[in-house]
Amino acid sequence: SSEVRNLEVRSAGDVAVLKDCIDFSLAKPRSKMEEKLERGGLPDCLDDDIPSIGHEIRAEAQIRFLKAKLHVMQEELDSVMCEYRKKADENQNLKSQLKGTKEENSSLQQTIGTQRSQTEKYKMLLQEANKKSKGLQQEVIVLQKVLQ
């Protein structure tokens, strides 16, 4: 578990660097349980998966088995906690990316609104210019007829 605690995961720039991925340990409860086992023998309630062949397996062997099982469970817990930390960091990164994307989307929506209003303004100016142009063309035609 000490190897897992000192694990450093390095990756691309947009992914978090994970250091000391384990904040929780079963070291204290484990040592208490080991002390209890050494002092008073086996606990009253044993799991069903502890092998027992009547009185053939001595208490010492069962204690070793329980210690080994506890060690495996500690390693599994460390692994799960490390994976949890990785997923939590990834989740945090995705949340910050989502926030950035939402801000960018809002900014782009404002830009689109501004451009639409400018487009409408220019369409109206174009229509006015076309009307004025037609009026001036008619005036030119009238003046040409007057000249002739």
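Colleague: What share of the area exposed by the protein chain do carbon and sulfur atoms supply?
Modeller: Happy to start there: this is a predicted model, where local features need pLDDT of at least 70, side-chain atom pairs count only at pLDDT 80 or more, and totals for chains, interfaces and linings use all residues. Residues are numbered from 1 along each chain as its sequence is written, and side-chain values use heavy atoms, leaving out hydrogens and water. Accessible areas come from the Shrake-Rupley method with a 1.4 Å probe, and for residues only the protein chains shown count as cover. The protein chain exposes about 12600 Å², and the share from carbon and sulfur atoms is 54%.

Colleague: In what order do the elements of the protein chain run from the N terminus?
Modeller: Helices (H or I, at least four residues) and strands (E, at least two) are DSSP runs, numbered from the N terminus. The protein chain has 3 helices and 2 strands. From the N terminus on, their order is α-β-β-α-α.

Colleague: In which helix of the protein chain is confidence highest?
Modeller: pLDDT is the predictor's confidence in each residue, from 0 to 100; the protein chain averages 78, and 64% of the residues score at least 70. Over residues 1–22 pLDDT stays under 50, and the model has 36 contacts (heavy atoms within 4.5 Å) beyond four places in sequence for them. Confidence is lowest in helix H1 (residues 2–5), at a mean of 39. At 95, it is highest in residues 59–147, helix H3.

Colleague: How many Å apart are the end C-alpha atoms of H3?
Modeller: The expected span of a helix is 1.5 Å times one less than its number of residues. With 89 residues, H3 should therefore span 132 Å. The model agrees with that, as the end C-alpha atoms of H3 are apart by 128 Å.

Colleague: Which residues of H3 are buried?
Modeller: Buried means under 20% relative accessible area, exposed over 50%, and partly exposed in between (1.4 Å probe, protein chains only). Of the 148 residues of the protein chain, 10% count as buried. In H3 the buried residues are Gln62, Ile63, Leu66, Lys69, Leu70, Gln74, Asp78, Met81, Cys82 and Asn93.

Colleague: Which side chain meets glutamate 83 in a salt bridge?
Modeller: A salt bridge puts a side-chain nitrogen of Lys or Arg within 4 Å of a carboxyl oxygen of Asp or Glu, and the whole structure has 4 of them. Glutamate 83 is partly exposed at 38% relative accessible area, and its partner, also partly exposed, has 48%. Both lie in helix H3, 4 residues apart, about one turn of the helix. At 3.9 Å, N to O, the partner is lysine 87.

Colleague: Which residues do salt bridges that share partners join into one network?
Modeller: Let's take another pair before the network: glutamate 120 and lysine 123 meet in a salt bridge at 4.0 Å, N to O. They are 3 residues apart in helix H3, so about one helical turn separates them. The network that shares partners is a separate group: Arg58, Glu60 and Arg64.

Colleague: What is the N to O distance between the side chains of arginine 64 and glutamate 60?
Modeller: Arginine 64 and glutamate 60 are 4 residues apart in helix H3, so about one helical turn separates them. Glutamate 60 is partly exposed, at 48% relative accessible area. Their side chains meet in a salt bridge, N to O, at 3.5 Å.
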